Protein chains: 2
Amino acid sequence: MEQAPIRVAVLGSTGSIGRQALDVISQLPGRFQVVALAAGRNTAELARQVAAFKPAYAWADAPRDSALDSALEAAGARWLDMDAIAVAADVDILLVGTAGAAGLTPTLAALNAGRPVAIANKEVLVMAGHLVRRAMLSGGGSLRPVDSEHSAIWQCLWGEEDHEIRRILLTASGGAFRDFDQRALDAVTPAQALDHPTWKMGAKITVDSASLMNKGMETIEAMWLFGVPMEKVEVVLHRESIVHSLVEFSDGSVKAQLGVPDMRLPIQCALAYPERMPVPPAPPLDLATVGALHFGAPDLSRFPCLALAMEAGRRGGTYPAAMAAADEVAVARFLAGEVRFTDIPRIIESAMERHTSTAEPDLETVLAADASAREAAATVSVRVPA
Amino acid sequence: MEQAPIRVAVLGSTGSIGRQALDVISQLPGRFQVVALAAGRNTAELARQVAAFKPAYAWADAPRDSALDSALEAAGARWLDMDAIAVAADVDILLVGTAGAAGLTPTLAALNAGRPVAIANKEVLVMAGHLVRRAMLSGGGSLRPVDSEHSAIWQCLWGEEDHEIRRILLTASGGAFRDFDQRALDAVTPAQALDHPTWKMGAKITVDSASLMNKGMETIEAMWLFGVPMEKVEVVLHRESIVHSLVEFSDGSVKAQLGVPDMRLPIQCALAYPERMPVPPAPPLDLATVGALHFGAPDLSRFPCLALAMEAGRRGGTYPAAMAAADEVAVARFLAGEVRFTDIPRIIESAMERHTSTAEPDLETVLAADASAREAAATVSVRVPA
C-alpha cells in the first residue's frame with residue numbers, strides 16, 4: 001500500500017533543528033515532503049534549501065535578494081509568513097525550530113487550527129506554556145516534543161495515561177562544569193562555558209547547559225507538555241546522555257527512552273508519529289559497548305539556576321517569563337565579560353525578587369514581564385570579576 | 001465512579017508467584033477480587049488461602065483433607081479443576097503461576113475462550129509456545145507476561161506496534177557465577193548453585209539462572225509472547241537487575257522498563273492492565289542512590305546453555321521441548337551430585353543432537369519429544385566428577 005507522504009512545514013529551517021530535520025526528511029523521500037521553509041536572516045541558505053526541497057511556501061525574516069528570488073521562482077514557491085504557513089491547508093505538521101519568541105504565534109495558530117506541532121522552541125513553552133497548552137486543549141491540536149529529553153518522556157507515555165504519571169525524571173548531563181567546585185565555578189571563562197561536551201549548540205544555550213538553567217527550563221517545558229505540576233518533575237544527573245529521560249508511573253514502574261545523543265531521532269519521531277519509520281536516522285545504541293550508565297542527584301548549591309527555574313515554574317504566572325528574560329540578559333553580561341559565571345543566578349534571583357507576577361497572564365502581560373525583567377537584570381550590580 | 005473489582009483466578013496459588021499475587025490483591029481489595037484458587041499439593045496453605053480470600057472456586061492436585069473441606073464449606077467455594085476455572089464465566093483474568101506442564105491446558109482453554117492470561121509459566125511457552133500463540137490468535141485471548149523481563153518488554157510495547165520491533169534486549173544478571181572462569185565453573189557445587197544473588201526461587205530455576213539456561217528459555221518465551229523470530233532477540237548482561245529489559249524499535253529508539261527487583265510489580269501490571277494501579281506494590285526506584293547501571297555481552301563460551309536454548313528456539317519444531325526436558329534431567333543429575341555443573345550443557349547438546357524434530361508439532365508430539373529427550377539426557381554419559 002502506497003502511503004501519502006507526510007507534509008512538513010519547517011520553521012527555522014536554516015537553524016540547527018531545521019537543518020537536521022531536512023536531513024531526516026531527505027533520508028525518507030517517499031515518507032516526508034517539505035511543503036514550507038521559513039528562516040531567519042540566512043537567506044543564502046534558505047535559497048539553497050528552496051532549490052533542493054521545492055516547497056510550496058517559503059519565508060525569511062529578512063529582505064529577499066536575487067538568489068532567493070530565483071530559487072523561489074524555480075521552485076514555484078509562494079512567499080508566505082509563518083502564521084499563514086502554520087494554518088495552510090496542505091501542511092500536515094508544523095515543526096517549530098525557531099529560537100525565541102518568533103515561534104509563539106505560529107505555534108498558537110497551528111494548535112488553534114487543530115494541527116500537530118513538533119516543538120523544539122524552548123522560549124515559547126517557558127514564557128507562554130499556559131497559552132500554548134490552552135490553545136492545544138481548545139483547538140484540538142497536539143504537541144510533539146523535539147528536544148531529546150521531552151521526546152523521551154513523550155515516547156515513554158505512548159500507550160499510557162497522563163494522570164498515571166507519578167514523577168517525570170529529566171536527565172541532565174550535569175553540564176561542562178559538573179565536577180567543578182565553587183571556586184573553579186567562580187573562575188569560569190566564557191570560552192570554557194562555550195565548549196559543551198556532547199551537543200553542539202549556540203552560545204546562549206551552551207552557557208545555559210553549563211549553568212543547568214537549560215535543564216531548569218526543561219522542567220518548566222515538561223509541566224506544559226505533559227500537564228503535570230512541578231512537584232512531579234525531578235532532575236537526575238546522568239553524565240553519559242544515553243538515557244534521555246524517564247517516567248515513573250503510579251504503580252512505581254519506570255520507563256526510559258535511550259539512544260545515542262543525536263537530535264535526528266527525536267526529530268524523526270515527532271514528524272513520523274504515530275508511526276516509527278523503518279530507517280534509524282542516528283547510529284544504533286550498543287549498551288554492551290557503552291558499559292555503564294551513571295546517575296546522581298544534582299547539586300543545587302553549586303548550580304542554583306536549576307532551583308531558580310523550578311521555583312519559577314512552581315510559582316507560575318509571569319515568573320517563568322521573567323526568569324527566562326533575566327537569564328538571557330545575565331548570560332549576555334557573562335559572555336561580554338561583565339560578570340562572572342556564578343553571577344548569572346544572582347542576577348536572575350535579584351530580577352525575580354523585584355518581579356511582581358500576574359496570574360494567568362495574556363501574551364501582552366508575558367511580554368511586559370519579559371521587558372521589565374530584562375531591565376532589572378541589566379541593572380543588577382554584581383562584583384566586577386578580578 | 002465505583003469500578004467493579006477485577007476478578008482474578010490464581011492457578012498455582014501456593015507457589016511463589018501465587019503468594020505474591022495474593023499479596024498484591026490484598027493491597028487493593030476494592031480493585032481486585034479472588035474468584036478461584038488452584039494449588040498443587042500444599043492443601044494446608046490452600047485451606048488458609050480459601051479462608052482468607054473466600055473464592056468461588058478452589059482446586060488442588062491432591063486429595064482434600066478435613067481442614068480444606070472445612071475452609072471450602074465456610075467460604076462456600078466450589079471444587080473445580082483448572083481447565084474449568086480457566087473458562088468460568090465470572091473470571092476476568094487467569095493468572096497461570098503453576099510450574100511445569102500443568103499450566104498448559106488451562107492456558108489454552110482461556111485463550112481459546114478469548115480471555116486474558118497473565119502467564120508466569122516458563123515451560124508452557126518454551127515447550128508449546130506455538131500452540132499458545134495459535135490459541136491466542138484464533139480465540140482472541142491475550143497474553144500478559146508476569147516474568148519481570150517479559151513484563152518490561154510488554155510495557156515498552158504499550159502504544160507501539162509489534163512489527164516495529166527491531167530488537168528485543170533481554171537483560172540478564174549473569175547468574176551467580178558470571179565472574180567465574182572455566183576451571184571454577186567445573187568445580188561448582190550444587191550448594192553454590194542454589195545461592196542466587198537477587199531473587200529467591202526454587203532449586204531448578206536457580207541452577208538454570210546460574211547456567212543462563214533460564215535466560216535462554218526467556219529468549220524462546222519472548223519469541224512467542226511478542227511474535228518475533230529469534231534473530232530479533234538478544235541478551236545483554238546487566239548485573240544490577242534494575243533495567244528489566246529493553247526494546248529497540250525500527251527507528252533506532254530504545255525503550256526500557258526499570259524498577260527494583262520485585263515480582264509484585266509485574267504481577268500487578270499484568271492483573272491491572274490496561275490501567276496502572278495507584279499503589280506501588282514494591283519499593284520505589286531511586287536511581288541516584290543506585291548510582292550506576294552496568295551492561296555487557298554474555299560470554300557464550302563459559303555459558304553455553306544460553307546459546308543452546310537460542311539455537312533450539314531458532315530451529316523450532318520440537319527442539320525447544322527436547323532442550324527443556326534435557327535441561328531438567330541434566331539439572332537433576334547435577335543436583336544429585338552425579339555430573340558437574342559444566343556437564344549440564346554437554347548433556348543438553350547431546351540430547352538435542354540425538355533429537356529428530358517435528359515441525360508444527362501438536363501437543364502429543366511435544367510430549368513425546370519431551371519424553372524421548374528426558375531418556376536421552378538420563379543416559380548421556382559424562383566424566384564422573386573428581
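How much area is buried between chain A and chain B, and what share of it do carbon and sulfur atoms give? I began my notes on this predicted model with that point, and I find about 3,300 Å² buried between the two chains, with carbon and sulfur atoms giving 54% of it.

**Entry 1, the interface.** I looked up the contacts and noted that 41 residues of chain A touch 41 residues of chain B. On the side of chain A, I recorded D251(A), R276(A) and F295(A) as the residues that lose the most area to chain B, together 21% of what that side buries.

I then turned to the polar part of the interface, where I count 4 salt bridges between chain A and chain B, and 28 residue pairs in polar contact, both residues being at pLDDT 80 or more. One of the salt bridges joins D251(B) to R276(A), with the closest N and O atoms 2.9 Å apart. For the elements behind this surface, I listed those of chain A that give two or more residues to the side touching chain B, namely α7, β8, β10 (243-249), β11 (254-258), α12, α13 and β12 (292-294). The largest share of that side, 5 residues, comes from β11(A).

**Entry 2, charges over rings.** I looked for charged ends placed over aromatic rings and noted R276(B), which lies over the face of F249(A) at 4.5 Å from the ring centre. In chain B, I also found the charged end of R64(B) over the ring of W79(B), 4.6 Å from the centre of that ring.

**Entry 3, aromatic pairs.** Over all chains I count 12 aromatic pairs. Among them is the pair of W154(A) and Y273(A), which is tilted, with 4.8 Å from centre to centre and 50 degrees between the planes. Because W154(A) lies in helix α7 (residues 148-157) and Y273(A) in the loop between α12 (264-272) and α13 (287-290), this pair ties together parts that are 119 residues apart in sequence. I checked accessibility as well: W154(A) is buried at a relative accessible area of 9%, whereas Y273(A) is partly exposed at 31%.

Y273(A) also pairs with W158(A), again in a tilted arrangement, at 5.0 Å centre to centre and 55 degrees between the planes. W158(A) sits in the loop between α7 and β8 (165-172), so its pairing with Y273(A), in the loop between α12 and α13, ties together parts 115 residues apart in sequence. I noted W158(A) as buried, with 5% relative accessibility.

Finally, I recorded a cluster in which ring pairs link F177(A), F180(A), F334(A) and F341(A).

Note on methods. Residues numbered from 1 in each chain as written. Chains lettered and ligands numbered in written order. Predicted model: local features only at pLDDT ≥ 70, side-chain atom pairs only at ≥ 80, totals over all residues. Heavy atoms only, no water. Phe/Tyr/Trp six-rings, centres within 6.5 Å; stacked < 30°, edge-to-face > 60°. Helix = DSSP H or I, 4+ residues; strand = E, 2+ residues; numbered from the N terminus. Buried < 20%, exposed > 50% of the residue type's maximum accessible area, 1.4 Å probe, protein only. Lys NZ or Arg CZ within 6 Å of the ring centre and 35° of its normal. Contact = heavy atoms within 4.5 Å. Buried area = accessible area lost by both parts, 1.4 Å probe. Salt bridge = Lys/Arg side-chain N within 4 Å of Asp/Glu carboxyl O. Polar contact = N/O pair within 3.5 Å; in protein donor to acceptor, adjacent residues only side chain to side chain.
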